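Notebook open, structure on the screen. I'm going to jot down what I look up as I go.

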Amino acid sequence: MSRMAEESALDLEELRHLQSIAKRSRILSLISSEIRSLEKLQASKEDGNAVAPPTATQIPTPINPALAYVSVASFSWDQDNDKVKIYVSLEGVEQEKIQTEFKPKSFDVKLHDVKGKNYRCAVPKLSREIVPEKCKVVVKPTRVIIVLFKASKGDWSDLYFKEDKLKPNLDKEQDPMAGIMNLMKNMYEEGDEEMKRTIAKAWTDARSGKAEDTLKGY
């Protein structure tokens, strides 16, 4: 073995040792690249039957929870009686690089290393409940399909949960003082100067429980 070949072999041995203890994906990538270069150099000097040892690119790298994500801005969805399907147009997604979290009223799907980026599609509060253990993600060549199984059969009016806008008004109507204050506000805004003075006084009296007496003449 020539001096140069011996040095290359020692370098390769050292790099493989570093590869076995390295943890950061960027460092692993740099080491792997250098190993491949040295292996090609050695292979060119040996017969073509030599088999290169496995490199770090063949070893699955653990997913880093602190990665940055690009939110999926738009997607489409449809439904049948049993399930909801969400369609995300994205190429280059690998099934083994998907991280999912399904809960009864939410889901969070993370798509890692898609052409150098990480994507996230999530709905923090669904319109209706789902069955987490049955939900799944299906990867197609040009899109990803998130399949949500409904906890109860039937149509969903919307994918997202919407607050009942009537509820706060009903709560106010159940509070007599809230009703009086609203009445006084409307009378003040629509009345003349004399009415405004009267309402201003009534507003002050309302704080001491005298509002009803002030409003008896109206």
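**A salt bridge with E101**

I started with E101, which counts as partly exposed because its relative accessibility is 39%, and partly exposed covers the range between 20% and 50%. Worth keeping in mind: this is a predicted model.

Next I checked who E101 pairs with. Its salt-bridge partner is K103, and the closest N and O atoms are 3.5 Å apart. I looked up K103 too: this residue has a relative accessible area of 43%, so K103 is partly exposed.

**R120 and D108**

How far apart are the closest N and O atoms of R120 and D108? I got 2.5 Å for this salt bridge. Then I looked up where the two residues sit. R120 is in strand β6 (residues 117–123) and D108 is in strand β5 (residues 106–114), so the pair ties together parts that are twelve residues apart in sequence.

Is D108 buried or exposed? I found a relative accessible area of 11% for D108, so I wrote it down as buried, since the cut-off for buried is under 20%. R120 comes out at 33%, so I put R120 down as partly exposed.

**More salt bridges**

I also looked up D158, which forms a salt bridge with K162; the closest N and O atoms there are 3.0 Å apart. K162 has a relative accessible area of 59%, so K162 goes in my exposed column, where the cut-off is over 50%. Then I noted a little network: E94, K97 and D113 are joined into one by salt bridges that share partners. For the whole structure, my tally of salt bridges is eight.

**Strand β8 and its neighbours**

New page, new topic. How many of the seven residues of strand β8 are buried? I wrote down six, for the strand spanning residues 143–149, so β8 is largely enclosed by the rest of the structure.

Which strands does β8 pair with? One of them is β3 (residues 83–89): seven bridges join β3 to β8, and the two run antiparallel. I picked out a bridge in this pairing and found S89 matched with R143 in β8.

Another is β7 (residues 136–139), which also runs antiparallel to β8, with four bridges joining them. Here I found K136 standing opposite V147 of β8. How many residues lie between β7 and β8 in their hairpin? I noted three.

Methods. Residues are numbered from 1 along each chain as its sequence is written. This is a predicted model: local features need pLDDT of at least 70, side-chain atom pairs count only at pLDDT 80 or more; totals for chains, interfaces and linings use all residues. Side-chain values use heavy atoms; hydrogens and water are left out. Buried means under 20% relative accessible area, exposed over 50%, partly exposed in between (1.4 Å probe, protein chains only). Two strands pair if DSSP finds at least two bridges between them. A salt bridge is a side-chain nitrogen of Lys or Arg within 4 Å of a carboxyl oxygen of Asp or Glu.
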